[in-house]
Amino acid sequence: MRAKPGRQSRGRARVQKYECVMVLHPGIAEADATSIIERFQTSVAGHGGEVSLHDHWGRRELAYPIEKQTTGDYHLVMFTADNTFVVEADRDMRLDEKVLRHLIVLDEEWAEQNRKSQAKRGKGPNENSEEA
């Protein structure tokens, strides 16, 4: 039997880098938001992964209303985990009413690519490209 596209055969899980953006309901308490993030981080660690960054972007206006809400509390989490975790995390966040939207994508390592590109052009990674 052939493996489905995008899935590992023989039950092997691959550890990869991911980015997750969560938009939490603006009406929840800060303690609830912290609980959601901590539960996500614990789940990542439980699957042999590691959270490398959690960035709270704060409350922002949504492009369109979601569940009659016009703002959301944004969180970015960068992590490594096996690919089976993504399916479970996606299911858990879809079922959580406090999470308005979420998106988990593979980390394309844009920072590394940008650093290499700047090095080729002779600029340092921290140099400002706008010079007066």
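**Helix α2 and the aromatic cluster**

Visitor: Against which elements do the buried residues of α2 pack?
Guide: The model is predicted. In it, helix α2 covers residues 83–95. Its buried residues pack against two strands before it, a helix and a further strand, namely β1 (15–24), α1 (30–46), β3 (69–82) and β4 (99–106).Visitor: Within what arc do the buried residues of α2 fall, seen down the axis?
Guide: The buried residues of α2 are Phe-85, Val-86, Ala-89 and Met-93. An α-helix has 3.6 residues a turn, so residues three or four places apart point the same way. The buried residues of α2 line one face of the helix, because seen down the axis they fall within an arc of 100°.

Visitor: Which residues are exposed on the other side of α2?
Guide: One face of α2 is lined by its buried residues. To count as exposed, a residue needs over 50% relative accessible area. On the other side of α2, this holds for Val-87, Arg-94 and Leu-95.

Visitor: Is Phe-85 buried or exposed?
Guide: The cut-off for buried is under 20% relative accessible area. Phe-85 has a relative accessibility of 0%, so Phe-85 counts as buried.

Visitor: What kind of pair do the rings of Tyr-18 and Phe-79 form?
Guide: The structure holds five aromatic pairs. For Tyr-18 and Phe-79, the ring centres are 5.6 Å apart and the planes lie at 25°. Planes under 30 degrees apart count as stacked, so the pair of Tyr-18 and Phe-79 is stacked.

Visitor: How many residues apart in sequence are the parts that the pair of Tyr-18 and Phe-79 ties together?
Guide: Tyr-18 belongs to strand β1 and Phe-79 to strand β3. Both Tyr-18 and Phe-79 are buried. Because the two rings sit in these two strands, the pair ties together parts whose separation in sequence is 61 residues.

Visitor: What kind of pair do the rings of Phe-79 and Phe-85 form?
Guide: The ring centres of Phe-79 and Phe-85 are 5.6 Å apart, with the planes at 85°. Planes over 60 degrees apart count as edge-to-face. The pair of Phe-79 and Phe-85 is therefore edge-to-face.

Visitor: Which residues do ring pairs link into a cluster?
Guide: Phe-79 pairs with Tyr-18, and Phe-79 also pairs with Phe-85. Ring pairs link these residues and Phe-40 into a cluster, which is made of Tyr-18, Phe-40, Phe-79 and Phe-85.

Visitor: In what order do the elements of the chain run from the N terminus?
Guide: The chain has three helices and four strands. From the N terminus on, the order is β-α-β-β-α-β-α.

How values were computed
Residues numbered from 1 in each chain as written. Predicted model: local features only at pLDDT ≥ 70, side-chain atom pairs only at ≥ 80, totals over all residues. Heavy atoms only, no water. Buried < 20%, exposed > 50% of the residue type's maximum accessible area, 1.4 Å probe, protein only. Arc of directions from axis to C-beta. Phe/Tyr/Trp six-rings, centres within 6.5 Å; stacked < 30°, edge-to-face > 60°.
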